[in-house]
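Subject: Structure for you to look over, with notes

Dear colleague,

I am passing on the structure below, and would be glad if you read the notes that follow alongside it.

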Amino acid sequence: MHGSYIGVKGEAIYIPPPACIPVDTCGAGDAYASGILYGILRGASDLKGIGLLAAQVAAVVVGQQGTRLRVKDADRLAESFEFHLDNLEFCSDAGTDQVPNL
């Protein structure tokens, strides 16, 4: 409810919370982590943008009973990811087997 922080190399990046009416917090951390990993694996280097995507995934999970996303919610998130990823900065080494040095 208060947002989150992503810490990288001694810097804390604040991620504001998306609008959400909490129903069940089970799975919220896993959902957030999946959003972070998705952004990194897609090659995005804008941590604020990645964090906003992660927070949105977690908000969808928190706003429902149980941890499984409904198909319509997963589709909506996927469309949101495509839009946001198009607007994020990407690492120059994306597509290699090297993990970006964030």
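In these notes a residue is called buried when its relative accessible area is under 20%, exposed when it is over 50%, and partly exposed in between, with a 1.4 Å probe and protein chains only. This is a predicted model, in which local features need a pLDDT of at least 70 and side-chain atom pairs count only at pLDDT 80 or more, while totals for chains, interfaces and linings use all residues. Residues are numbered from 1 along each chain as its sequence is written, and side-chain values use heavy atoms, with hydrogens and water left out.

Overall layout

The protein chain holds three helices and two strands, and read along the sequence these follow the pattern β-β-α-α-α; helices (H or I, at least four residues) and strands (E, at least two) are DSSP runs, numbered from the N terminus. Of the 102 residues in the protein chain, 34% are buried. Taking contact to mean heavy atoms within 4.5 Å, I find that, among contacts between residues at least 6 apart in sequence, 63% join residues at least 24 apart.

The two strands

Strand β1 (residues 4-8) contains Ser4, and β1 pairs with strand β2 (residues 11-15) in the antiparallel sense over five bridges, where pairing requires that DSSP finds at least two bridges between two strands. Side chains alternate along β1: Ser4, Ile6 and Val8 point to one face and are buried, whereas Tyr5 and Gly7 point to the other face and are not. At one position of the pairing Ser4 has Ile15 of β2 as its bridge partner, and at another Val8 stands opposite Glu11 in β2.

Ser4 is buried because its relative accessible area is 19%. Leaving aside residues up to four places away in sequence, Ser4 touches Ile13, Tyr14, Ile15 and Tyr32. The side chains of Ser4 and Tyr32 are also joined by a polar contact of 2.8 Å, a polar contact being a pair of N or O atoms within 3.5 Å, of which, within protein, one must be able to donate a hydrogen and the other to accept it, and for which residues adjacent in sequence count only if both atoms are side-chain atoms.

The two strands form a hairpin with two residues between them, and Lys9 lies in the loop between β1 and β2. Lys9 is exposed, since its relative accessible area is 66%, and its phi is near 50°, a positive value in a residue other than glycine. Most residues other than glycine have a negative phi.

The largest pocket

The largest pocket has a volume of about 390 Å³. Of the 17 residues that line this pocket, the closest to its centre are Met1, Gly3, Pro17, Pro18 and Val62, and the elements that give two or more residues to the lining are α1 (28-41) and α2 (47-62). The largest share of the lining, four residues, comes from α2. By class, the lining residues divide into 13 nonpolar, four polar and no charged; here Ala, Val, Leu, Ile, Met, Phe, Trp, Tyr, Cys and Pro count as nonpolar, Asp, Glu, Lys and Arg as charged, and the others, Gly among them, as polar.

A pocket is an open set of points on a 1 Å grid over the protein atoms alone, where a 1.4 Å probe fits and protein lies on both sides within 12 Å along at least five of seven lines, and lining residues have an atom within 4 Å of a point. Grid points are joined across faces, edges and corners, and the volume is the space filled by probe spheres set on the points.

Val62 and helix α3

Val62 belongs to helix α2 and is buried, because its relative accessible area is 12%. Val62 and Cys20 are 42 residues apart in sequence, yet 7.6 Å apart in space, C-alpha to C-alpha. Residues up to four places away in sequence not being counted, Val62 touches Cys20, Ile21, Pro22, Val23, Asp24, Thr25 and Ala28.

In helix α3 (residues 71-86) lies Ala74, which is partly exposed, with a relative accessible area of 30%; the C-alpha atoms of Ala74 and Val57, 17 residues apart along the chain, are separated by 8.9 Å. Asp73 is also placed in helix α3, and is buried, with a relative accessible area of 6%. Not counting residues up to four places away in sequence, Asp73 touches Val60 and Gln64.

With best wishes
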